[in-house]
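Open the model in your viewer and keep the sequence panel in sight. The tour moves from a sheet to a ring pair and then to a pocket.

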Amino acid sequence: MNYIHIGLGKTGTSALQRGIFQVLKDNNYIRDYNHEEIVRLSRKYIDISLTSEEKETLLNYASNMNQDLISFEGLVHWNPVKWEEAADKNLEVFGSDAFVILTLRSPKDYLRSLYQQQIHEGNILQPEEFFVSDEIYSSLKGWITNCGVRVFNYDAFDLERLLSIYTKRFKNVFVLKYEDQDNIRKLGDLFNLDTAILSSETKRNSTKAINKSYSNFGMMLTLKREKILNFFGLRSVGSIEYNPKLFNHRYLGNTEKKNKFLLCITTYTSWRWFIQRLIDRIVPYKSYKLSDVLPTSLIEKNESFYNAISAGKQ
């Protein structure tokens with residue numbers, strides 16, 4: 001049995017990846033975890049496309065998986081318009097026997113966190129500019145890249161549809177809910193993880209914060225800064241601007257030391273570093289609340305479904 005953890009992002013995936021999934025590998029509960037080439041080629045296949053040679057290489061690696069785990073939240077695709085296309089690619093690569101792990105979160109909190117992640121990455125839009133209807137999204141198609149989320153079509157966001165997409169394609173789909181404090185135990189049961197190891201991992205994760213969102217003050221500063229830039233005919237350049245075929249290190253093999261050095265420099269001189277490592281440590285932290293830019297019916301429909309489903313095998 002092979003396992004693929006597909007996302008959604010912003011649902012505690014970093015904690016799972018750095019915590020319990022690595023523990024599974026370290027204690028031989030799985031044979032391999034996040035094979036470098038499978039992850040690299042899979043994310044490129046989801047985000048862009050593969051050459052025939054790359055696709056053959058990916059399928060060959062995937063066919064040799066045996067009791068392995070791949071965890072990458074981008075496999076589901078950040079853009080709900082692309083969910084079905086991404087699922088077809090995952091089915092092609094990993095096969096219907098793969099055990100799919102799907103992590104979900106309260107829809108309102110998820111959408112707020114997703115928006116903040118775009119702000120973190122320098123893709124600065126006001127909430128009412130980022131969240132758009134299907135009609136507006138369709139009119140922007142020539143401006144939207146396949147990679148990432150430039151704007152979010154809220155009419156396409158439907159958790160019931162997402163779950164259906166995967167249960168129709170894969171024999172085993174396992175749901176974890178972000179708010180469920182029992183997630184680690186449920187994963188432990190899934191992998192028959194030793195109780196002592198599980199208890200240690202539960203304690204370690206309870207005190208660990210990874211990729212913390214900007215505070216309300218940090219968001220306010222960022223959005224005001226963008227308005228000032230816009231006044232002078234300027235704007236921020238974020239991750240969505242990069243041509244992944246040329247610049248995005250995620251799709252490349254080993255990078256040169258020079259590139260890693262430049263990446264380090266840009267990290268420690270970035271606005272994100274300034275907000276997360278300085279401002280949000282000095283100013284008392286208050287969580288950001290998304291303004292009422294999303295249709296109430298959309299939130300209610302997805303919240304109702306989310307509350308109705310149970311974590312575990314579907």
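Select H5: its bridge partner in strand 4 is I101. Strands here are DSSP E runs of at least two residues, and helices are H or I runs of at least four, numbered from the N terminus. This is a predicted model, with local features needing pLDDT of at least 70, side-chain atom pairs pLDDT 80 or more, and totals for chains, interfaces and linings using all residues. Residues are numbered from 1 along each chain as its sequence is written, and side-chain values use heavy atoms, without hydrogens and water.

Now show strand 1 (residues 3-7) and strand 4 (residues 99-104). They run parallel, joined by four bridges; strands pair if DSSP finds at least two bridges between them. Add helix 9 (residues 159-167), which packs on the sheet and touches strand 1, strand 4 and strand 7 (172-177). Contact means heavy atoms within 4.5 Å. The direction of helix 9 makes about 170 degrees with that of strand 4, taking N-to-C axes fitted to C-alpha atoms, for helices over the stretch in contact, on a scale from 0 to 180 degrees.

Widen the view to the open sheet. Its six strands have the order 2-3-1-4-7-8, with mixed pairing. Strand 2 (32-33) and strand 8 (312-313) are the edge strands, each pairing on one side only.

Next, colour the aromatic rings. There are 16 aromatic pairs, counting Phe, Tyr and Trp (six-membered ring) with centres within 6.5 Å; planes under 30 degrees apart are stacked, over 60 edge-to-face, the rest tilted. Pick F99 and F174: the centres are 6.1 Å apart and the planes at 45 degrees, so the pair is tilted. F99 lies in strand 4 and F174 in strand 7, so the pair ties together parts 75 residues apart in sequence.
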